[in-house]
Amino acid sequence: MARQIKLIWDFRGPAAAQTAIHHEIHLKEYITLEKITPEITGHENVNDMHSIAYMVVDESNMINVRDKLKPHRGQVYE
């Protein structure tokens, strides 16, 4: 199985949770439009003032998606 990368967008402030939820909607739209697999997205609340949205891509697609969507950071997905 190919290594997968979790691309992460950080949102901070009192509206961070709602912004992360909304951003995930756009990530799902992008996945559908570009026919990207795997179709893994999500959002998490780190604390009251910090939330993230993320999508998982195969390492072979990571650079292309990274350059188009400009995530704040990434990590190996397990």
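Over how many bridges do strand 2 and strand 3 pair in the antiparallel sense? Okay, hold that thought for a second, and keep in mind that what you're looking at is a predicted model.

So, the answer: strand 2 and strand 3, which covers residues 50–58, pair over 7 bridges. Those two strands make a hairpin, with 2 residues between them. If you want to find a couple of the bridges on screen, go to Asn47, whose partner in strand 3 is His50. Then look at Glu44, which has Ile52 as its bridge partner in strand 3.

Now zoom out to the sheet. There are 4 strands in an open sheet, the pairing is antiparallel, and the order reads 2-3-1-4. Strand 2, residues 40–47, and strand 4, residues 73–77, sit at the edges; each has a single partner strand, so one side of each has no neighbour in the sheet. And if you ignore direction, neighbouring strands here are turned by 30° against each other on average.

Next up, the helices. Helix 1, residues 16–34, lies across strand 1 (that's 4–12), strand 2 and strand 3. Against strand 3, helix 1 runs at about 15°. Helix 2, residues 59–69, lies across strand 1 and strand 3. Its angle to strand 3 is about 135°.

So if you take one thing back to your desk, make it strand 3: paired with strand 2 in that hairpin, with helix 1 lying across it and helix 2 lying across it too.

How values were computed. Residues are numbered from 1 along each chain as its sequence is written. This is a predicted model: local features need pLDDT of at least 70, side-chain atom pairs count only at pLDDT 80 or more; totals for chains, interfaces and linings use all residues. Side-chain values use heavy atoms; hydrogens and water are left out. Two strands pair if DSSP finds at least two bridges between them. Axes are lines fitted to C-alpha atoms, for helices over the stretch in contact, and angles run from 0 to 180 degrees between N-to-C directions. Contact means heavy atoms within 4.5 Å.
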